[in-house]
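Me: I should like to learn how to read burial, packing and backbone geometry from a model. Could we work through one case together?

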Amino acid sequence: CAHRGQARKSGEPFIIHPVEVSILLAGLQMDAATVMAGLLHDTVEDTDLTFHQIEEMFGNVVKSIVEGETKVSKLPRLEFTDYADEQAENLRQMFVAMTDDYRI
């Protein structure tokens with residue numbers, strides 16, 4: 001397990017968040033590659049796992065989704081006082097990510 005022994009700042013096991021993301025994606029009836037990518041989305045940033053290893057173990061499609069989500073998560077975060085502006089920024093980031101794959 002890539003996150004074995006890791007904990008979040010809250011103290012909860014690190015794996016809780018990726019599992020919850022995968023459950024959410026499965027509930028939205030996303031395809032298997034998207035659900036797998038949801039489970040793996042923090043691994044490259046937070047463990048020693050590489051994109052190459054993800055590709056070898058889960059295939060190019062899963063690797064591409066994880067890679068795209070990693071790029072989106074690194075986009076600069078702006079501070080907003082207006083909820084509508086914040087939501088517009090979230091949509092902008094989603095549209096940037098979707099240029100390669102709508103599942104990101």
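Me: Let us begin with a single side chain. Is F51 buried, partly exposed or exposed?

Reply: This is a predicted model, and the values discussed here are computed from it. The cut-off for burial is under 20% relative accessible area, whereas exposed means over 50%. F51 has a relative accessible area of 22%, so F51 is classed as partly exposed. The residue belongs to helix α4, which covers residues 51-58.

Me: Which residues does F51 touch, leaving aside those up to four places away in sequence?

Reply: F51 is in contact with V44, K63, V66, E67 and T70, when residues up to four places away in sequence are not counted. For V66, there is also a C-alpha to C-alpha distance: 8.0 Å, with the two positions 15 residues apart in sequence.

Me: Before going further into detail, how many helices and strands does the protein have?

Reply: The protein contains six helices and zero strands. Read from the N terminus, the order of elements is α-α-α-α-α-α. Of the 104 residues, 28% are buried. The accessible surface amounts to about 7,000 Å², and carbon and sulfur atoms account for 58% of that surface. As for contacts between residues at least 6 apart in sequence, 43% of them join residues at least 24 apart.

Me: How should one read the two sides of a helix, and which residues of α1 are buried?

Reply: The general idea is periodicity. An α-helix has 3.6 residues a turn, so residues three or four places apart point the same way. In α1, the buried residues are P18, S22 and L25. Viewed down the axis of α1, the buried residues lie within an arc of 60°, so they line one face of the helix. On the other side, E20, I23, L24 and G27 are exposed. Helix α1 spans residues 16-27, 12 residues in all, and extends 16 Å from its first C-alpha to its last, close to the 16 Å expected at 1.5 Å a residue.

Me: Against which element do the buried residues of α1 pack?

Reply: They pack against α2, residues 32-40.

Me: What is the sign of phi at Q29, after the end of α1?

Reply: The general expectation comes before the case. Most residues other than glycine have a negative phi, and most peptide bonds are trans. At Q29, phi is positive, near 60°, although the residue is not glycine. Q29 lies in the loop between α1 and α2. With a relative accessible area of 74%, Q29 is exposed.

Me: Which residues make up the largest nonpolar core?

Reply: Again, a general tendency sets the scene. In soluble globular proteins, nonpolar side chains tend to be buried together. Here the largest nonpolar core has nine residues: A33, A37, L40, V44, L49, I54, V62, I65 and V66. Helices α2 and α5 (60-73) each contribute at least two residues to this core. One of the core residues, V62, touches A33, M36, A37, L40 and I54, not counting residues up to four places away in sequence.

Me: Polar residues can be examined in a similar manner. Is T43 buried or exposed?

Reply: T43, located in helix α3, has a relative accessibility of 2% and therefore counts as buried. A polar atom of the T43 side chain lies 2.7 Å from the backbone oxygen of L40. The C-alpha atoms of T43 and T70 are 9.6 Å apart in space, although the two residues are 27 residues apart in sequence. Between I15 and T43, 28 residues apart along the chain, the C-alpha separation is 10.0 Å. I15 lies in the segment before α1 and is partly exposed, with a relative accessible area of 30%.

Me: Where is D42, and with which side chain does the side chain of D42 make a polar contact?

Reply: D42 is in the loop between α2 and α3, the latter covering residues 43-46. Its relative accessible area is 11%, so D42 is buried. The side chain of D42 makes a polar contact with the side chain of H41, at 3.5 Å.

Notes. Residues numbered from 1 in each chain as written. Predicted model: local features only at pLDDT ≥ 70, side-chain atom pairs only at ≥ 80, totals over all residues. Heavy atoms only, no water. Helix = DSSP H or I, 4+ residues; strand = E, 2+ residues; numbered from the N terminus. Expected span 1.5 Å × (residues − 1). Buried < 20%, exposed > 50% of the residue type's maximum accessible area, 1.4 Å probe, protein only. Arc of directions from axis to C-beta. Contact = heavy atoms within 4.5 Å. Core = buried A, V, L, I, M, F, W, Y, C linked by side-chain atoms within 4.5 Å. Areas by Shrake-Rupley, 256 points an atom, 1.4 Å probe, with all protein chains shown as cover. Polar contact = N/O pair within 3.5 Å; in protein donor to acceptor, adjacent residues only side chain to side chain.
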